[in-house]
Amino acid sequence: MNGTDLIMNGTIVLEGYIHSHEYCEWYGDSCFSARMVREALAAFSGDVEVIVNSKGGDPFEGEAARAAMESHPGKVTLKVNGVAASAASLLAMGADVIEMSAGSFLMVHNPSSGLFGTAED
């Protein structure tokens with residue numbers, strides 16, 4: 001997948017989880033990466049509309065996508081249609097304008113992590 005796969009009818013659509021590009025190549029079309037967001041933004045020299053419906057994912061990818069939107073030369077209007085949670089709420093902060101549909105959610109939380117392994121680990 002590449003960034004042009006995110007463009008539908010002149011709008012960038014970010015659905016699924018945000019993860020590293022390598023992970024998204026394996027995971028498929030229910031994932032997007034900061035690299036894909038940069039590539040999609042590069043297809044527009046001016047104003048652009050971005051639609052988000054994402055539960056989040058990798059915070060570093062979210063920050064990289066936020067920075068890409070913030071540095072885009074045109075006006076970025078981001079519309080939350082469903083949810084922008086966790087890392088997706090972070091990337092949303094790079095837009096110039098944020099709009100939300102009537103039943104949508106923007107979820108921000110403190111950083112968290114998880115551990116895996118056995119009792120010996």
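**Exercise 1. Overall dimensions**

Work out what radius of gyration the protein has in this predicted model, and set that value against the one for a compact globule with 121 residues.

*Solution.* Begin with the chain length: for 121 residues, a compact globule would have a radius of gyration near 14 Å. The protein has 15 Å, which agrees with that estimate. Next, take the extents along the principal axes, where the C-alpha atoms fill a box of roughly 55 × 30 × 25 Å. Then turn to burial and surface: buried residues make up 39% of the 121 residues, and the protein exposes about 6,900 Å², of which carbon and sulfur atoms supply 53%. Finally, consider the contacts with a separation of 6 or more, 63% of which are accounted for by residues 24 or more positions apart.

**Exercise 2. Order of the elements**

Determine how many helices and strands the protein has, and give the pattern that they follow along the sequence.

*Solution.* Counting the elements gives 4 helices and 7 strands. Reading them along the sequence then yields the pattern β-β-α-β-α-β-α-β-α-β-β.

**Exercise 3. Strand 2 and its partners**

Establish how many of the residues of strand 2 are buried, and identify the strands that pair with strand 2 together with the sense of each pairing.

*Solution.* Start with burial: strand 2 spans residues 11-18, and because 6 of these 8 residues are buried, the strand is largely enclosed by the rest of the structure.

Now take the partners in turn.

- Strand 1, residues 7-8, pairs with strand 2 in the antiparallel sense over 2 bridges. Within this pairing, Met8 has Thr11 of strand 2 as its bridge partner. The two strands form a hairpin with 2 residues between them, and Asn9, which lies in the turn, has a positive phi of about 50°.
- Strand 4, residues 48-57, pairs with strand 2 in the parallel sense over 6 bridges, and here Ile12 stands opposite Val50.
- Strand 3, residues 31-32, runs parallel to strand 2 and is joined to it by 2 bridges, with Ile18 standing opposite Phe32.

**Exercise 4. Thr11 in its setting**

Decide whether Thr11 is buried or exposed, and name the residues with which Thr11 is in contact once its neighbours within four places in sequence are left aside.

*Solution.* First locate the residue: Thr11 lies in strand 2, where it is the bridge partner of Met8. Its relative accessibility is 12%, and because buried means under 20%, Thr11 counts as buried. With its neighbours within four places in sequence left aside, Thr11 is in contact with Leu6, Glu49 and Ile51. Of these, Glu49 and Ile51 fall within the residue range 48-57 of strand 4, which pairs with strand 2.

**Exercise 5. Strand 5 and the crossovers**

Find which strands pair with strand 5, and state the handedness of the β-α-β units in which strand 5 takes part.

*Solution.* Strand 5, residues 76-85, is mostly covered, since 7 of its 10 residues are buried. Strand 4 and strand 5 pair in the parallel sense over 6 bridges, and Val48 has Val76 of strand 5 as its bridge partner. Following the chain from strand 4 to strand 5, one passes through helix 3, residues 59-71, and this β-α-β crossover is right-handed.

The next step concerns strand 6, which runs parallel to strand 5 and is joined to it by 4 bridges; in this pairing Leu78 stands opposite Ile98. Strand 5, helix 4 (residues 87-92) and strand 6 likewise make a right-handed β-α-β unit. Strand 7 also runs parallel to strand 5, joined by 3 bridges, and Ala85 stands opposite Met107 there.

**Exercise 6. Ser104 in a loop**

Locate Ser104, decide whether Ser104 is buried or exposed, and identify the backbone oxygens that approach a polar atom of its side chain.

*Solution.* Ser104 lies in the loop between strand 6 (97-100) and strand 7 (105-107). Its relative accessible area is 11%, so Ser104 is buried. The backbone oxygen of Ser101 lies 2.8 Å from a polar atom of the Ser104 side chain, whereas for the backbone oxygen of Val80 the corresponding distance is 3.5 Å. Leaving aside its neighbours within four places in sequence, Ser104 is in contact with Val80 and Gly82, and both of these positions fall within the range 76-85 of strand 5.

Conventions:
Residues are numbered from 1 along each chain as its sequence is written. This is a predicted model: local features need pLDDT of at least 70, side-chain atom pairs count only at pLDDT 80 or more; totals for chains, interfaces and linings use all residues. Side-chain values use heavy atoms; hydrogens and water are left out. Buried means under 20% relative accessible area, exposed over 50%, partly exposed in between (1.4 Å probe, protein chains only). A polar contact is a pair of N or O atoms within 3.5 Å; within protein, one must be able to donate a hydrogen and the other to accept it, and residues adjacent in sequence count only if both atoms are side-chain atoms. Contact means heavy atoms within 4.5 Å. Two strands pair if DSSP finds at least two bridges between them. The radius of gyration is taken over C-alpha atoms; the globule rule is 2.2 Å times the number of residues to the power 0.38. Accessible areas come from the Shrake-Rupley method with a 1.4 Å probe; for residues, only the protein chains shown count as cover. A crossover is right-handed if, with the strands pointing away from the viewer, the path from the first strand over the helix to the second runs clockwise.
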